[in-house]
Amino acid sequence: MRGHGQLLGLYVPGRSLLHRTPLALKALLCVGASTPVVLIRQPLTTAAGLVLFLLLMTVGARLPLRKVLGALVPALPVLALLALYSWFTRGPEAAFVVPGGIAVCILAARLLTVTTPGQELLDGLVRLVRPLRRLGADPERFALALSIMVRSIPYLVGSLSDLRDAAKARGLQRSPRAVVVPVVVNAVAYAQATGQALAARGLGEHSDADDEAGEGVDGEDSPDADGRGV
Amino acid sequence: MIRFTDASVTAPADDGGSRTILHPVTLELGEHRISVIGANGSGKSTLLKLINGLTLPTSGSVSVDGLDTARRGTEVRRKVGFVFTDPLSQLVMPTGREDVELSLRGRIRRADERRTAGMRVLESYGIGHLADRSIYDLSGGERQLLAIAVVAAVEPAVLIADEPTTLLDLRNEHTIRAVLRGLPQQVIFTTHNLSFAQDSDRTLVLDGGRVVFDGDPAEAVAFYQELCLR
Amino acid sequence: MSQAHPSSSGAAVASRRRARKRWNSTDLSLIAVFAALIAALAIVPGIPVGALGVPITLQTLGVMLAGVVLGPGRGGAAVGLYVLAGLAGLPIFSGFRGGLAVLAGPSAGYLIAFPLAAMLAGFLAAALLRRTRRFRAGVLFIACFTASLLLIHPLGITGLVVNGGLSVGDAIAADAVYLPGDVIKNLLAAGIAAAVHRAFPRLLPRTGAAGPGHGGTEGAARTA
């Protein structure tokens with residue numbers, strides 16, 4: 001459960017202009033500015049996009065250039081391969097435009113995650129879902145599912161590495177099955193316990209009053225019970 | 001008002017037949033504080049779970065303020081909060097602040113208002129200073145206080161507590177008892193502690209899945225002690 | 001989005017009258033926890049292979065597991081939740097990546113295919129297991145592998161062509177590198193899912209997307 005902050009942790013605290021810009025505006029800017037770069041694929045737009053986002057991140061968000069370029073490092077092998085491939089099949093222009101467009105998008109996405117706390121990003125996602133309410137979406141339950149998911153990741157990562165150690169101790173380190181089966185079985189049991197805990201507070205259930213609900217919360221499967229063969 | 005009408009619970013047994021967990025019972029529970037005592041396996045927890053629909057009756061029915069738990073389970077669970085014996089199976093979020101805000105989600109839309117209200121709830125239980133501490137770093141008593149706080153934060157009309165002091169030391173037990181005594185809601189709890197059981201307006205004694213005594217707490221305790229010696 | 005897919009869930013034991021059951025809080029937390037499981041499997045170290053270095057991780061294993069363990073409705077929702085949270089910026093895609101940028105990258109097609117593949121695998125698993133109870137793991141493998149051949153690879157190839165600028169032939173070749181790993185992962189997913197179904201016999205919805213009325217072999221789908 002600890003390390004929960006770390007997961008939402010691309011955020012770099014600050015008080016720059018971009019840190020203070022509302023999320024909706026930033027998102028619009030990032031999507032609005034990177035989409036044409038990807039669609040048009042001309043050297044000029046790609047170059048403009050790269051310059052724009054480098055400036056936004058260094059000046060607008062006051063991040064050191066090293067940190068900004070660092071965002072591209074994990075993608076470098078793929079970008080380099082794409083550049084080589086494009087050069088050989090379609091010439092130098094494509095070798096700049098194809099990986100360049102992807103780099104612009106990486107910078108744009110990083111701009112959002114670096115200047116916005118993770119929880120705010122998730123709240124933003126929920127706000128995006130809100131208009132879909134008329135189509136039967138339920139933003140509150142979506143938000144609840146998101147927060148349970150975020151809280152469960154560190155738990156499951158921990159349980160994966162614990163069981164990896166346990167499998168090693170029994171000489172089973174080469175059998176992924178021996179590691180993953182208990183993780184998934186634990187995950188199901190854990191999900192059912194969490195479901196009970198939510199139900200005990202009247203949370204997580206749809207809000208239509210006319211619907212029959214209930215059953216199934218109890219009488220859930222227990223690991224001991226074997227199915228009745230038919 | 002909680003009403004049991006010939007409600008019974010049976011579970012499939014290993015031999016293919018069925019096992020009765022709770023024999024048909026008809027009850028009206030309207031008192032402010034009701035305690036339930038009985039040996040392990042006497043059906044206490046099942047009786048409690050029937051009230052908020054975590055368990056559904058195999059025959060007969062249970063209703064809360066006229067709402068049938070089988071058909072209007074969602075609404076019933078909004079009215080009836082359930083506190084588990086083990087607070088760790090109740091708390092869903094990594095810190096108390098997040099957990100109480102989860103409870104408030106349905107009623108308070110704005111994140112900043114939710115934050116203030118959440119803090120107020122925690123402070124009213126004397127655990128405001130623990131708001132950002134991991135729930136795993138809390139003592140058993142602090143955890144149980146938090147569990148009661150997050151369940152009560154949903155503002156249920158009825159609060160059910162299944163052996164809320166069993167895992168606690170004497171000092172913490174007194175704190176939890178004082179908190180439960182101070183709640184404005186109808187409170188129904190099970191316990192093995194006979195002085196805690198007498199701290200109520202009405203006591204049910206269960207034995208082998210039947211309600212064998214129903215009435216004055218002092219008489220109920222005397223009856224139960226007699227029963228245990230037999 | 002949590003209600004986008006109607007689910008005729010079999011989470012309840014002996015199913016009572018209801019024709020279409022909405023997800024309760026246990027369904028909701030199964031969806032959330034499986035989304036987290038995919039994330040956990042995706043961020044433990046993987047092996048980068050292939051021309052574009054798209055790392056082979058256990059991510060796709062998690063996707064298939066969600067489908068065949070939870071069934072098409074909840075499984076699809078779990079994978080959808082995972083993808084959305086990653087696109088919103090949580091670093092939970094393989095290699096700790098996250099954010100909308102992934103949609104512009106060469107592996108975008110795979111990502112878009114994931115929720116669909118989980119739904120198809122779950123649907124096939126539920127439908128096939130309703131007819132036969134033998135060779136459970138084999139049946140589950142067929143469900144996973146079909147979904148991966150019909151959805152993950154074609155959409156993945158499309159992504160390589162559209163975003164990576166590869167020619168169709170080259171894209172197919174780049175994608176084919178992942179096939180052997182995929183077979184292994186689908187075999188794994190099938191074996192794991194069969195074991196999980198033994199532990200939780202009633203987890204997979206009894207009647208996939210077909211709804212009630214198909215109950216000729218009631219219970220068959222959920223026996224171990």
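A residue counts as buried when its relative accessible area is under 20%, as exposed when that area is over 50%, and as partly exposed in between. Keep that handy for the exercises below, and remember that this is a predicted model.

**Exercise 1. Work out what chain A is built from and what share of its residues is buried.**

Step 1: go through the secondary structure. Chain A has ten helices and zero strands, so the pattern along the sequence reads α-α-α-α-α-α-α-α-α-α.

Step 2: apply the burial cut-off. Of the 230 residues in chain A, 50% are buried.

Step 3: look at the surface. Chain A has an accessible surface of about 11100 Å², and carbon and sulfur atoms hold 64% of that.

Step 4: check the contacts. Taking contacts in chain A with a separation of 6 or more, 67% are between residues 24 or more positions apart.

**Exercise 2. Do the same bookkeeping for chain C: elements, burial, surface and contacts.**

Step 1: chain C comes out with seven helices and two strands. Their order along the sequence is α-β-β-α-α-α-α-α-α.

Step 2: with 224 residues in chain C, 67% of them are buried.

Step 3: about 7000 Å² of chain C is exposed, with 70% supplied by carbon and sulfur atoms.

Step 4: for chain C contacts between residues at least 6 apart in sequence, 68% link residues at least 24 apart.

**Exercise 3. Describe how α1(C) and α3(C) cross, and say what kinds of residues make the contact.**

Step 1: start with the geometry. Two packed helices are described by the angle between their axes and the distance between the axes. Here, helix α1 (residues 25-43) of chain C and helix α3 (residues 72-88) of chain C have axes that come within 8 Å and cross at roughly 50 degrees.

Step 2: name the arrangement. With that angle, α1(C) and α3(C) are oblique to each other, and their crossing is right-handed.

Step 3: list who meets whom. The α1(C) side includes Leu30(C), Ile31(C), Phe34(C) and Ile38(C), while the α3(C) side includes Val79(C), Leu81(C) and Tyr82(C).

Step 4: sort the contact residues by type. You get 13 nonpolar, no polar and two charged residues where α1(C) meets α3(C).

**Exercise 4. Repeat the analysis for α5(C) and α7(C).**

Step 1: helix α5 (residues 136-164) of chain C and helix α7 (residues 179-199) of chain C cross at roughly 140 degrees, and their axes come within 8 Å.

Step 2: is that roughly antiparallel or oblique? The roughly antiparallel class needs an angle over 145 degrees, so α5(C) is oblique to α7(C). The crossing of α5(C) and α7(C) is right-handed.

Step 3: α5(C) brings residues including Phe141(C), Cys144(C), Phe145(C) and His153(C), and α7(C) brings residues including Val183(C), Asn186(C), Ala190(C) and His197(C).

Step 4: by type, the contact of α5(C) with α7(C) splits into 13 nonpolar, four polar and two charged residues.

**Exercise 5. Place Phe114(C), decide whether it is buried or exposed, and find its contacts.**

Step 1: Phe114(C) sits in helix α4 (residues 108-131) of chain C.

Step 2: its relative accessible area is 3%, so Phe114(C) is buried.

Step 3: leaving out residues up to four places away in sequence, Phe114(C) touches Gln59(C), Thr60(C), Val63(C), Val79(C) and Ile152(C).

Step 4: for a distance check, take Val196(C), 82 residues along the chain from Phe114(C); the two C-alpha atoms are 21 Å apart.

**Exercise 6. Locate two non-glycine residues with positive phi, Arg41(A) and Asp6(B), and classify their exposure.**

Step 1: Arg41(A) has a phi of about 55 degrees and lies in the loop between α3 (23-40) and α4 (43-60) of chain A. With a relative accessibility of 27%, Arg41(A) is partly exposed.

Step 2: Asp6(B) has a phi near 50 degrees, and its place is in strand β1 (residues 2-12) of chain B. Asp6(B) has a relative accessible area of 46%, so this residue is partly exposed too.

**Exercise 7. Explain why helix α3 of chain B counts as largely enclosed.**

Step 1: α3 of chain B covers residues 96-104, and eight of its nine residues are buried.

Step 2: the buried residues of α3(B) include Arg97(B), Asp99(B) and Glu101(B), along with Val100(B) and Leu102(B).

Step 3: because eight of the nine residues are buried, α3(B) is largely enclosed by the rest of the structure.

Conventions:
Residues are numbered from 1 along each chain as its sequence is written. Chains are lettered from A and ligands numbered from 1 in the order in which they are written. This is a predicted model: local features need pLDDT of at least 70, side-chain atom pairs count only at pLDDT 80 or more; totals for chains, interfaces and linings use all residues. Side-chain values use heavy atoms; hydrogens and water are left out. Helices (H or I, at least four residues) and strands (E, at least two) are DSSP runs, numbered from the N terminus. Buried means under 20% relative accessible area, exposed over 50%, partly exposed in between (1.4 Å probe, protein chains only). Contact means heavy atoms within 4.5 Å. Accessible areas come from the Shrake-Rupley method with a 1.4 Å probe; for residues, only the protein chains shown count as cover. Axes are lines fitted to C-alpha atoms, for helices over the stretch in contact, and angles run from 0 to 180 degrees between N-to-C directions. Angles under 35 degrees count as roughly parallel, over 145 as roughly antiparallel, 65 to 115 as roughly perpendicular and the rest as oblique. A crossing is left-handed if the near helix is turned anticlockwise from the far one by less than a right angle, and right-handed if clockwise. Ala, Val, Leu, Ile, Met, Phe, Trp, Tyr, Cys and Pro count as nonpolar, Asp, Glu, Lys and Arg as charged, and the others, Gly among them, as polar.
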